[in-house]
Each structure stands twice: as C-alpha cells, then as structure tokens.
Amino acid sequence: MVGQESEIENGKVTAVENSDKKNEKAPILLNLEIFRITRDSQQQHGLRHADYQRYRGYCSRRIRRLRKVLKIPQGDRRHYRRRDVTTTHLTANNAENRLLYIPLLQAERAWAHAMQLRQEANTEPRKKFHLVSRLKKACAHGQMLLQLCEESGRCEARTVLEAGAYASWLRGVLLLELQQWREAADSLQRARIVLEQLCTALPADERIVYDQKLEELKPSLRYCAYNIGDESAAGDLMAMRGQGLMHNLDALMAQAKESRSGIMHEVEWRGRRVTVKPEKVRLFLIALQDLDKSVSKAETAQAKIDILENILMDCKDAISAIKDEIKTDPKLKSAPEIQASSVGYLLSYLMYVRLVRTIERNNLLVEQAEEARKNNIQIDGKKVRPQDLTRLYEIILQNYNDLQQLPGFENDAVYQKEIDTQMKAYRAFRCYYIAQVLTGLRRFREALAMLERCNTYTVESLISKLDNQQLKDKLQVLKKDIESCKFEVHADSVLEDDEEDEESKYASSGKSYKDKKPLVERLDDYREDSQVLTKNPNIYRMPPPMEAIPCKPLFFDLACNFVEFPNLDDKTGATDGKKQGAGLTGLVKGFLGWGKSDK
C-alpha cells in the first residue's frame, strides 16, 4: 500500500510538472525600430531647426520618466547610485520594449550634446575636447545597446541588426572627429551594409528612414576615401566582412525575413510589398493562407460556398478597417495620394481578394445549378431555368468589370489584358444560356445569332493564354455543345414553319384539323373538328380566365348642399303670378336697381 501511494504521489508530481510545462508560454521577443524612433523624435523635438539643446533636454526628461515607470531609479534625491539596464532585466518575465529605450536615449542625449558643442566650438575651440568625450559616451551607450540585444537572446533579428548599424554609425562619427579615416570608413561601411540589407528586406513605406540614413552616410564615406587617398578603398570596404556583427549578417537577415512573414507584417502582390498595420487585416490575411486547403477538403459544393461566404465577411471587415485608417490619417486626403500610398495599395489588394473570391463562389453556384439542371433536381423548391444561369454569369461579369476599375490599375496594360481574356470566356457562357432562353421563347433567329457570338468568344478565349485550366476544359465542352445546340435550334425552326403551314394543308386536303383554341373563341371560322365529337371536346376553357371588372362605386351626399340646381319657375308657372302683382313699383325697383335678390 505504501508503495502504491508513493507511485500515485510520484504520478501526481509528474502530471503537475507536465501541466506546468504546457502552461508555460513562449517568451515574447522584444522589438525596437531604432532608426524610425530616433528620426521621429528628432523631427518632433528640435532637430528640424538644428536645435540640439532642445532635443537633449527631451532625451533627459524621457529617460527620467522611463526609469520611474520601469522602477529602475538611480538613487534617491540625496544620493546617486548608477543603475544600468542589464540582461537580467531583459530576460525577466515582465520584460518589455521600453527597457531598450533607456540605453538608446542615453546615446542620443550624448550625441545631441556633442552636436551642440560642435556648433559652439566655432567660437570656443576648447569645447572640441568636450565634444570628443561626449561622442565617446554616445559610442559606449550604443555598444551597450548592441550587447544587450545580442546577449539577452530576447530581441528580434531586425532589432539586433539595427542596433549593430546604430553602434557602427556612432563609432564612425567618433573616429571621423578623431581623424582616423580608415577605421571610420570601416565602421560607416558596416552600418551602410546593414542598412542596405534592411532596405531589401522591408516594404517600400518602411524603407524611407533607412534610405535617408544611407544618404547621410554617403558624404562621410566619400570624405574618408578622399582622406585615405586610395580610390579603390571604397571598393575594398564594400567587399569586407569584418568581425563582430558582420559575420552573422546573412543569418540575421534570414531570421528577420522569416519572422516578418510568420506574423504577416507585409504582403506581396504584383511585384510590390505592402505593410499590414491594422490588426483585423493582419488576422484576415493569416486566415486567407489556409483558405484553399479548407475549400479543397470540403466534400460538397454547398460546404465550399459556406466557407467562401465566411471569408468574404471577414474581408469586408478588413476593408472597413483600411477605410477607417484612411479617414483618420490627415496625410491621405486626396485620391492620388491614397492610390500612391501603401495604404491605398493594400486597399486595392483587399478589394481584389474580395472580388476574386466572390467570382469563385459564383462559379460554385453555377456548378451547383448546372448539376441540378442536368439531373432535374430542384434547388430551394424551384426548378433551375436557363434564366437563372444567365443571371449568375451576369454577376460574374459585373465582378470582372469591378476588377478592371480597381484604383491604381486603370492604366496597367498587363492587368487589363488578363481581365479581358477571362471576361471573354464568361461572355461565351452567358451567350450560350441566353440562346437557350430565346429558344424557349420560340425566337430562333436571335438564338442562332447568340450561338454564333458564343462560338466567337469561345474561339478567342481558347486562342488566348488562360491561366485557369478548369476554365479551359469548360470552354472545350462548350464548343461541342454549341454545335449540337445549333442543330437543335435549326430543327425547331423548321418544325415551327411546318406547324404554320399545317392549317392551310389540312384545308386543301379536306381533312379535319385539330385546333388548340376552344370552340367559343373560333365561332366565326368553320372547321371540321373531330375533337368536338369526342368525350373531351375543346369547347370552353374551364375554369374560365379571370377578367378585370370595375369596382362598385360608393357615393356620399356630402356635396348636395353645395350644388346649384337649375331654376324651374318657368315650367311650374310661378313666374306668372309674380309678374301680375308687380305694377309700377316693380318697374321702379327694376329701374333703380332696388329690390334685386342676391343669388
């Protein structure tokens, strides 16, 4: 019993340990976009007007606030005790990105102080010594930032690359001030190589900061090459892969690209990379990656349609998120700027995805309707008619028309040609089903004309290069159906002509003719109709057809008091009595206008 209890206890312990391991979350990697943060801070706090003192004051205040929030104070009001950010802080469970801000802002503060002293050194040469000491301080803080990013193992590859480039740039600025040209060129060239690699790995809208930094490095590199005196020095430095950061540059770049593609920070479409910032759009694009697999695993067409309808709803929410971002961004007010920006390009991409997936869903509806029509099955209690398929193909063509009008692609000749090729194929299907509708209406000439046009669209689509193999196969089948449909329409037209001539044929031969009209409707025409003598004579349609009759009017004597009736005194004889009693008084009244009654 004791052994069993110990085994049970050991089992509980191992179970608890396994559950703890499962509950442990993977550590979150820290991310710090160094060059973007420093560029924004410099532009907002004085460097737009070369006010280095103001920027230096901002860095001091920001460091003080960060130390207070992160609880890393340097002593109290009376005593000072230096406390730097270490790898222990970065490896803790509550580590956050703001820990890396402190060494970065310390380096920026020392660099800004050095630039301020350089402005003042024009009139006071002694301040040049202080300038060099401040640059050494900035270089030390930059190296500390790089060391924290590399040794902690908690930073993203892009952050490590930017920290290395930032430290190399600060060291190059220091060596330029010390006039050590070859070493300065070495450090600046390292920073340049990393920045160029980042530009190739990042989308267009995020390259701006790095391109600006590269433009700042070019004059310094040319000045170093000039002072070295060797024209080939720049070429040698380009091919150099020194120790330190440069030995693992390729590995870090691969890691940065993998991490960016894993969390869908960007999407590539038609040769251009677009940054994805809204969370809804990012989640939608991640879900879109597995959509084709989910659709292929669905067993029925209706299940595939349901999956596509769900993803279309998510796409609609993503488009709304992009439009809200465009409304809130003051920089994107005019239409040309929206189209040229990455946000506008991303919006066009999402609209493209929505329209393409809508076309895919409508094709599934067409496939479902054609299958039901072939097997004589009803959908939602209704029989599938050619009109229904014509309407579906009209919707598909409208979707392609919307694709042609996407913002930013109106003048793209390659894109427009691709859409035109696919539209011709769907126009062929639409013409085919319109011909069937016209055949049902006994309009055979129009039906033959539509079949000829359908054949033209089919041939042109097969000659052109279609990427969709399934659509090509359907066009091959359609080409065969067009020929058979032509013969059917021609045969129906011949039969109709025979039916028109049938009445005259029977009249000439003297045989009885069976008319579809009832006897009541053809009483004026005499024919020997043998059907009248049968048990079911066609005399009158039962039940009789409905006829429109006027409604019974309703009258109300509300206007009787306002009706002026005609004067009937002449007919009743009342006027004769009045004339006899009038006399001279009546004459006077009539002459002076008295005594007239108002009517």
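Which helices each supply at least two residues of the lining of the largest cavity? In this predicted model, the helices in question are H2 (34-44), H3 and H5 (98-120). The count comes to 1 cavity of 30 Å³ or more, and the volume of the largest cavity is about 40 Å³. Its lining is made up of Ile37, Thr38, Ser41, Tyr55, Tyr58, Arg62, Tyr101, Leu104 and Leu105.

How far can the model be trusted from place to place? Across the chain, pLDDT averages 79, and 78% of the residues score at least 70. Helix H3 (residues 52-70), one of the helices that line the cavity, is where confidence is highest, at a mean of 93. At the other end of the scale sits helix H1 (residues 2-23), where confidence is lowest, with a mean of 42. The pLDDT is below 50 over residues 1-24, and this stretch has 0 contacts in the model beyond near neighbours in sequence. Another stretch with pLDDT under 50 covers residues 506-510, and here the model has 4 contacts beyond four places in sequence. Where pLDDT is low, the predicted coordinates should not be read in detail.

Moving along the chain, Leu308 belongs to helix H14 (residues 301-328). With a relative accessible area of 0%, Leu308 counts as buried, because the cut-off for that label is under 20%. What does Leu308 touch, leaving aside its neighbours within four places in sequence? Leu308 is in contact with Leu291, Val295, Arg357, Glu360, Arg361 and Leu364. Take Leu291 from that list: Leu291 and Leu308 are 17 residues apart in sequence, and their C-alpha atoms lie 8.2 Å apart in space.

Next comes helix H19, which runs over residues 444-463. Its 20 residues, at 1.5 Å a residue, should span 28 Å, and the end C-alpha atoms are 29 Å apart, so the two values agree. Which residues of H19 are buried? They are Phe444, Ala447, Met450, Leu451, Cys454, Asn455, Tyr457, Thr458 and Ser461.

Further on, Asn538 is found in the loop that connects helix H20 (469-509) and helix H21 (569-572). Is this loop residue buried or exposed? Asn538 has a relative accessibility of 18%, and it counts as buried because that value falls under the 20% cut-off. The Asn538 side chain also reaches back to the backbone oxygen of Lys517, at 3.3 Å.

Note on methods:
Residues numbered from 1 in each chain as written. Predicted model: local features only at pLDDT ≥ 70, side-chain atom pairs only at ≥ 80, totals over all residues. Heavy atoms only, no water. Helix = DSSP H or I, 4+ residues; strand = E, 2+ residues; numbered from the N terminus. Buried < 20%, exposed > 50% of the residue type's maximum accessible area, 1.4 Å probe, protein only. Polar contact = N/O pair within 3.5 Å; in protein donor to acceptor, adjacent residues only side chain to side chain. Expected span 1.5 Å × (residues − 1). pLDDT = per-residue confidence, 0-100. Contact = heavy atoms within 4.5 Å. 1 Å grid on protein atoms, 1.4 Å probe; cavity = no way out; pocket = protein on both sides within 12 Å on 5 of 7 lines; lining within 4 Å. Points joined across faces, edges and corners; volume = space filled by probe spheres on them.
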